[in-house]
Amino acid sequence: MLIVIENLTNYLANYHDKQGNWVTQPFARLVKRNQYPDYYELIKEPTAISTIRAKKLKKQYSAFSEFVRDVALISHNAMVYNRPSSQFFKDALRLRDIFKEELQKLVDDGTITPDEAVLPDLGEIPEAEDSPPPESGDEEAEEEEEEDEDDEDDDDSDDEGPRRRGRRGGRPSGSGRKSDLHEDSHKKRGRPPKVFTPLEARIQVLLKGLRKFKHPNGELLIVPFERLPDKQSSPDYFASIKNPIAMDLIKRKHKRKKYQNVDQALKDLDLMFDNAKQYNEEDSQLYKDAVELQRQAHLLAEQEKAKPDNDFEDEDGRRPLPEIVHKDEVWRVGDWVHITNPNDLTKPIVAQIYRTWEDKSGQKWVNACWYYRPEQTVHRFEKHFLENEVVKTGQYRDHRIDEVVDRCFVMFVTRYNKGRPRGFPKDKEVYVCEARYNEEKHKLNKIKTWASCVPDEVRERDYEMDLFDLPRKLKKVPSPIKHLLRDDAKPTDALPKPTWGAPNAPPLIGAVHCRDREANESPPPEPTPSPPPALPIVDPIRRTSMMQATRPVDGQGDVVMSNTSHFSHSIAAPPTPTGSHAGAYASPNPFAPRPSPTPVPVPQYGQHTATHPGFHQGAHHNNVSHHGTPQMGQPPVFPAHQPHQSQPYNGYQPQYNQTPVPVPQHPHHPPPHQMSQPMPGYDPSHRLAPSPARASIAAAPSPGPHAQANAYNPPRPVEVYHVDDALNTKIPLDIREQFQCDEAGRVLFFTQPPLDRPHRGLSADSSNLGHSVRYLADRARQLEDRRQKRKARDQLRHQEESKRQELEKASAENGQAKLIDVAGDVILSWVGMMNRETEKLNAVYNGWSCHDKDIDKVAQAVGPLA
């Protein structure tokens with residue numbers, strides 16, 4: 001059975017009709033998912049001839065009917081996805097008819113049974129409008145199709161082998177497959193512009209000129225030479241041809257600027273045609289086509305080489321430049337740059353140069369691919385990004401060279417933690433990239449090969465690095481726009497849209513959502529646990545009052561500046577004095593209770609539920625955990641503080657409601673032993689400052705002596721409030737427009753400034769104010785006087801220092817001279833003493849000889865006498 005499947009598969013894969021058309025070529029491989037994502041949304045079981053071959057090699061076919069279903073599925077999928085008027089639809093019908101004929105032959109031979117030759121019912125073909133018939137002689141459409149084929153090399157793909165040719169008149173998919181979708185001017189996408197040098201333009205004309213020659217039936221002569229044959233179906237071709245080459249490889253070399261002249265491209269074309277003549281018979285149609293195309297290629301090459309360079313200017317008058325000199329720096333293709341961002345001058349556009357050219361007026365331009373920052377994308381609110389991360393986009397935009405402000409560098413994630421580019425200045429930004437950003441579907445896809453993300457001119461060029469001592473650990477941080485998630489956001493909401501600003505700039509701000517996570521999207525990293533709080537240090541000798549021990553402590557570890565009960569749902573019993581802890585935590589003789597000067601209840605941030613009647617909280621709050629601090633039993637209830645009744649300002653009513661703040665009374669149920677516990681005494685050594693009365697938020701408490709001083713107190717989250725519609729409408733429109741508002745036009749109030757103002761501490765009206773000319777002149781004179789006095793002082797100090805050094809030098813020279821004189825006197829006295837002693841010795845030993853012979857004579861004379 002497997003042999004029959006293999007023979008029938010090879011027959012279908014290599015089938016050509018009477019006109020020489022390769023019918024099954026479009027169905028050899030699966031289409032690329034990144035080029036036709038809607039295909040995989042519409043087609044549930046994608047199948048190709050390569051899929052059948054893989055199943056056969058793995059012996060996954062247990063019955064011949066399974067093979068029949070796969071072949072029928074190829075034809076069915078093509079007819080479902082493509083329009084009936086397209087060539088692919090017709091090829092799919094032809095494939096199904098051929099397959100039926102071959103199955104009938106196998107049935108007649110007795111190889112298979114009639115039941116096994118029945119094609120299964122895979123469902124009806126959905127109705128679709130026919131696309132308009134292509135105009136005859138429309139060569140521009142074919143040229144655009146060829147350009148799309150050339151650009152396929154830039155995209156990552158899981159598929160291997162030859163790529164499927166461009167889809168002509170494919171039926172759009174169910175989700176957004178309309179061809180007349182309006183493209184927003186901000187979402188300009190595509191490839192960098194084609195700006196050819198005279199040499200590149202000549203080769204381009206040569207390659208496209210070969211597509212003009214056709215058979216009498218309208219088929220192009222160049223089609224069989226577009227790609228190499230399949231290695232599995234034609235192994236003998238690669239055995240006989242030592243240097244196989246096809247048009248797609250020649251186009252790729254031309255695109256990557258491998259040809260230094262036209263003759264080099266013509267040499268590869270000759271090799272391709274010679275291979276075809278070597279493999280095919282002389283009387284075959286392919287042999288004749290190769291001869292004709294080779295002759296036409298030489299004629300085209302001679303024509304193009306005879307043309308002057310000025311004939312190759314494009315219709316816009318753009319002249320390509322190998323490099324641009326601007327601000328004493330050289331800018332080339334492949335350089336990473338910062339480009340002025342009209343939306344935010346503090347965050348320039350991160351981009352890579354793809355093209356450099358000059359227009360008719362002499363203005364120099366660059367075409368650059370943008371890289372978005374995380375806050376400029378649309379993503380899940382739980383998304384985490386690497387520090388200094390950017391994402392590659394499909395935005396290729398033209399910029400004047402004076403918009404380039406600085407250099408930067410973008411590294412792939414696999415190399416970012418290992419070092420920095422060698423020789424790159426330390427003060428320049430280095431970013432990391434690991435994903436592409438799809439602006440149509442707002443999806444982030446991991447990059448598989450970094451070479452596909454850079455221009456063709458630098459794909460085979462690597463850069464050296466200054467390595468770190470040890471690879472650095474990459475750290476991911478939460479989304480910088482996580483706070484933009486709406487309170488009423490649901491997983492079923494539609495994808496939000498980014499906010500666009502200037503036309504030639506990235507989005508002003510992105511958006512976040514809480515939709516279900518995609519299958520290929522990893523969950524957010526686990527949060528780093530905070531360090532455990534330090535235990536309080538208790539001095540057993542120092543005695544503190546009961547007031548200190550029982551004062552309530554809030555979630556920030558601070559003592560509440562009030563003598564009223566806390567808004568807490570759990571009340572811990574006060575500590576029971578013991579023999580070892582009585583001196584540290586309790587007073588043996590508690591005093592009578594004494595209220596604070598201003599008894600205002602202070603609600604806990606994160607646990608209070610009562611807010612101002614006119615305010616509504618508009619942001620998510622993180623609940624603050626409270627320490628298990630003992631609470632006072634049976635606290636007295638004080639009347640709510642009455643705020644000051646302010647007068648109307650400029651005839652308008654006050655912005656906030658002036659009614660007293662309602663104090664929620666939570667029922668407390670202390671333990672039985674606490675019901676009769678008297679209130680601890682008041683310690684006069686601790687002064688309680690009056691709590692300032694506020695309408696909505698109580699004053700921040702001061703730290704207490706027994707709070708956990710070493711514990712980490714996280715900062716309060718930014719809280720956003722807005723007034724209700726009734727109060728908001730009372731604010732005049734001209735005043736509301738001066739403040740930040742939400743979508744409904746309600747003024748927003750923040751517990752912290754949401755953004756840094758350009759002039760810190762000054763309003764926008766006061767930022768442009770300056771000093772008078774007289775003041776500035778006096779100030780300049782004062783500064784000049786200070787500089788002159790400082791200069792005179794420095795000169796005087798220098799003179800004094802010079803005099804001091806001269807005196808020290810003279811003193812040192814005098815001391816050295818005295819030492820020399822003393823040493824000379826000592827030596828002279830020693831020599832004189834030695835001379836005197838010598839004279840004494842001569843006088844004593846006068847007449848005595850010191851020679852050995854004289855001494856021996858004396859010894860001999862004295863010897864006998866002895």
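Residues are taken as buried under 20% relative accessible area, as exposed over 50%, and as partly exposed in between. On this scale Met833, at 37% relative accessibility, counts as partly exposed. The structure described here is a predicted model, and the place of Met833 in it is in helix H18. Together with Ile827, Trp830, Val831 and Met834, Met833 makes a nonpolar surface patch of about 480 Å².

Helix H18, which comprises residues 773–844, also holds Arg786. This arginine has a relative accessibility of 46% and therefore counts as partly exposed. On the surface, Arg786 gathers with Arg779, Lys789 and Arg790 in a patch of positive charge. A pairing of opposite charges is likewise found in helix H18, where Glu808 and Arg804 both lie, 4 residues apart, or about one turn of the helix. The side chains of Glu808 and Arg804 meet in a salt bridge with an N to O distance of 2.5 Å. Neither partner falls under the limit of 20% that defines a buried residue, because the relative accessibility is 44% for Glu808 and 37% for Arg804; Glu808 is accordingly classed as partly exposed, and so is Arg804.

Side chains of opposite charge can pair when their charged atoms come close. With a salt bridge taken as a side-chain nitrogen of Lys or Arg within 4 Å of a carboxyl oxygen of Asp or Glu, the count for the model comes to 41 salt bridges. One of these joins the side chains of Glu41 and Lys441, with 2.8 Å from N to O. This pair links distant parts of the chain, 400 residues apart, since Glu41 belongs to helix H2 (residues 37–42) while Lys441 belongs to the loop between strand S13 (430–438) and strand S14 (443–446). Both ends of the bridge are partly exposed, the relative accessible area being 34% for Glu41 and 33% for Lys441.

A further salt bridge is formed by Asp268 and Lys253, whose closest N and O atoms are 3.0 Å apart. Because Asp268 lies in helix H10 (residues 262–279) and Lys253 in helix H9 (residues 247–255), the pair ties together parts that are 15 residues apart in sequence. As to accessibility, Asp268 counts as buried at 12%, whereas Lys253 is partly exposed, with a relative accessible area of 32%. Salt bridges also link Arg486, Asp488, Lys490 and Asp493 in a network.

Attention may finally be given to Ala117, which is found in the loop between helix H5 (87–109) and helix H6 (139–151). Its relative accessibility of 17% places Ala117 among the residues that count as buried. When neighbours within four places in sequence are left aside, Ala117 is in contact with Leu103, Val107 and Ile112. Ala117 and Ser65, although 52 residues apart in sequence, have C-alpha atoms that are 7.4 Å apart in space.

How values were computed: Residues are numbered from 1 along each chain as its sequence is written. This is a predicted model: local features need pLDDT of at least 70, side-chain atom pairs count only at pLDDT 80 or more; totals for chains, interfaces and linings use all residues. Side-chain values use heavy atoms; hydrogens and water are left out. Patches are made of residues with over 30% relative accessible area and no salt bridge: like charges are joined within 9 Å, nonpolar side chains (Val, Leu, Ile, Met, Phe, Trp, Tyr) within 5 Å. Accessible areas come from the Shrake-Rupley method with a 1.4 Å probe; for residues, only the protein chains shown count as cover. Lys and Arg count as positive and Asp and Glu as negative; His and the chain ends are not counted. The place of a charge is taken as NZ of Lys, CZ of Arg, CG of Asp or CD of Glu. Helices (H or I, at least four residues) and strands (E, at least two) are DSSP runs, numbered from the N terminus. Buried means under 20% relative accessible area, exposed over 50%, partly exposed in between (1.4 Å probe, protein chains only). Contact means heavy atoms within 4.5 Å.
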